[in-house]
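Work through the following exercises with the sequence and the model open side by side, and try each task before reading its solution.

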Amino acid sequence: MNQSWFDTFSRFLVPIAGKLNNNRYLKVLRDAFMLAFPLTIFGSIAVVLANLPFLDKAMSEGALNTFRSALSVAPQATMGIMSVFVVFGIGYYLSKSYDVEAVFGGAIALVSFLILTPFVLQTEGKEVVQNVIPLDRLGAKGMFLGMIVAFVSGEIYRWVVQKDITIKMPAGVPPAVSRSFSALIPALITLSVFLVINIIVTQGFKTNMHDVIYNAIQAPLVGLGSGIVPTLIAIFVTQILWFFGLHGQIIINSVMDPIWNTLSLENLNSYMETGKVPHIISKQFMEIYTVGMGGTGMTLAVVIAMLFFMKSKQLKQVGKLAIGPGIFNVNEPVIFGLPIVMNPLILFPWFIAPMVVTFVTYLAMSIGLVPPPTGVAVPWTVPIFINGIMATNSLAGGLLQLVNFAIVLIIWFPFLKFIDRMNLQKEQDEGSGESTRNVS
């Protein structure tokens with residue numbers, strides 16, 4: 001690689017990536033989704049238990065329906081209303097980043113979102129049911145509106161607080177009471193803004209903000225994000241960032257998670273209702289078939305190759321150190337130990353292997369050879385093969401990972417062998433030099 005080009009590209013990319021990584025709104029968004037993570041894992045466990053492949057043989061049809069009905073409340077109360085957690089989380093963490101009372105920021109964001117949510121359900125028979133909230137408004141369909149509202153309400157709330165437009169209570173008043181009165185005027189102003197917006201949209205335009213945002217923003221973005229080309233671009237940029245020592249996963253996921261999580265929720269809802277999965281690309285697709293194979297860059301195959309097929313002491317030592325963490329998809333030891341960061345010798349396999357594997361995975365799922373992930377959240381530390389089965393509820397999902405593992409190994413092997421020979425030569429030269437010094 002031309003060093004001048006390398007340095008120029010590095011000087012251009014690193015500042016941009018640093019700004020993205022430290023962007024207030026992207027950090028808040030990332031933290032908000034992580035707030036919902038343990039809750040979605042609980043719901044996912046219930047979905048997995050309810051859809052174990054042998055249950056129809058172990059239980060009668062009536063018992064199976066009763067069992068699934070008993071568990072169905074868990075995903076509905078967690079993944080089914082994920083927008084609620086994300087909205088509260090954005091309001092909370094955004095307020096916290098401005099050093100204003102965070103819990104009120106979260107509560108005000110949630111109420112602002114509910115003000116714009118229609119409390120009406122229209123059934124297939126065109127019957128209108130009042131004073132209920134359709135579950136999809138609190139789940140995938142309301143995700144983008146929820147994020148927009150949470151950020152806007154958080155900014156209004158903190159602006160009013162920072163302008164000191166609050167009620168001051170005497171020193172002897174209990175802190176909890178004082179904080180409540182301090183949040184009163186900011187809450188009234190913020191919620192009034194969204195109430196006016198809702199009146200204008202519902203009374204003036206005879207619609208609601210959920211449908212406006214869904215049709216104008218969410219549906220097009222989700223449609224774009226579900227394609228293979230944007231997915232390959234996201235993976236390519238992730239690999240570039242990691243190559244320069246930046247945490248590509250955090251940076252790219254901060255931007256793409258709203259789309260991928262929405263696709264996952266739509267998959268899960270469809271899977272629970274019909275048993276079918278509408279989207280191939282989703283959050284689970286990205287985690288299980290990229291990160292879930294040894295970490296970013298699918299490096300478990302690289303670690304195995306170093307440990308069992310290379311001869312140099314350096315690569316074998318890195319393999320020994322990296323194998324334990326790599327099984328659980330932690331690959332910093334190989335990224336910084338091989339090293340992968342700033343190493344032009346591995347530039348080609350580092351970029352190409354994940355993109356080839358992602359394309360092969362997408363192709364296998366698109367032709368029906370392997371079922372797509374169902375939307376069930378699987379912890380990213382679950383080892384390869386097991387996580388593939390859990391994500392797709394199919395043995396084929398795990399077998400596909402083994403095929404992908406072989407592809408990564410084949411692409412990387414000649415480059416690792418070249419590095420191994422260089423290291424062997426260096427070790428032999430150093431050993432010869434040491435022998436000569438001992439004789440003299």
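The exercises below deal with pockets and aromatic contacts in this predicted model.

**Exercise 1.** Describe the largest pocket by its volume, by the residues that lie nearest its centre and by the elements that line it.

Solution. Begin with the volume, which is about 880 Å³ for the largest pocket. Next, turn to the lining, which is made up of 43 residues, with Gln249, Asn253, Lys283, Glu287 and Trp380 lying nearest the centre. The elements that contribute two or more residues to this lining are helix H2 (24–50), helix H12 (228–243), helix H13 (248–274) and helix H14 (283–288), and of the elements H13 gives the most, with ten residues. Finally, sort the lining by residue class, which yields 21 nonpolar, 17 polar and five charged residues.

**Exercise 2.** Determine which elements line the second largest pocket, and explain where this pocket lies with respect to domain 1 and domain 2.

Solution. The second largest pocket holds about 590 Å³ of space, and its lining consists of 24 residues, among which Leu268, Asn269, Ser270, Met272 and Glu273 are nearest the centre. At least two lining residues come from each of H2, helix H4 (61–71), helix H5 (73–77), helix H8 (135–138) and H13, and the largest share, seven residues, belongs to H13. By class, the lining divides into twelve nonpolar, seven polar and five charged residues. For the location, note that domain 1 (80–226) and domain 2 (237–438) both give residues to the lining, and therefore the second largest pocket lies between them.

**Exercise 3.** Characterise the aromatic pair of Phe236 and Phe351 by its geometry, and work out which parts of the chain it ties together.

Solution. The structure holds eight aromatic pairs. In the one formed by Phe236 and Phe351, the ring centres are 5.2 Å apart and the planes stand at 55°, which makes the pair tilted. Phe236 belongs to helix H12 and Phe351 to helix H18 (residues 347–366), so the pair ties together parts that are 115 residues apart in sequence. As a last step, compare the accessibility of each partner: Phe236 is partly exposed, at a relative accessible area of 33%, whereas Phe351 is buried, at 14%.

**Exercise 4.** Identify the residues that ring pairs link into a cluster, and then find which arginines lie over the face of Tyr98.

Solution. The cluster consists of Phe88, Tyr92 and Tyr93, linked by ring pairs. Over the face of Tyr98 lies Arg24, at 3.9 Å from the ring centre, and Arg158 also lies over the face of Tyr98, at 4.3 Å from the ring centre.

How values were computed: Residues are numbered from 1 along each chain as its sequence is written. This is a predicted model: local features need pLDDT of at least 70, side-chain atom pairs count only at pLDDT 80 or more; totals for chains, interfaces and linings use all residues. Side-chain values use heavy atoms; hydrogens and water are left out. On a 1 Å grid over the protein atoms alone, a cavity is a set of points where a 1.4 Å probe fits but cannot get out, and a pocket is an open set with protein on both sides within 12 Å along at least five of seven lines; lining residues have an atom within 4 Å of a point. Grid points are joined across faces, edges and corners, and a volume is the space filled by probe spheres set on the points. Helices (H or I, at least four residues) and strands (E, at least two) are DSSP runs, numbered from the N terminus. Ala, Val, Leu, Ile, Met, Phe, Trp, Tyr, Cys and Pro count as nonpolar, Asp, Glu, Lys and Arg as charged, and the others, Gly among them, as polar. Domain bounds come from an automatic or database domain assignment. Rings of Phe, Tyr and Trp (its six-membered ring) pair if their centres lie within 6.5 Å; planes under 30 degrees apart count as stacked, over 60 as edge-to-face and the rest as tilted. Buried means under 20% relative accessible area, exposed over 50%, partly exposed in between (1.4 Å probe, protein chains only). A charge sits over a ring if NZ of Lys or CZ of Arg is within 6 Å of the ring centre and within 35 degrees of the ring normal.
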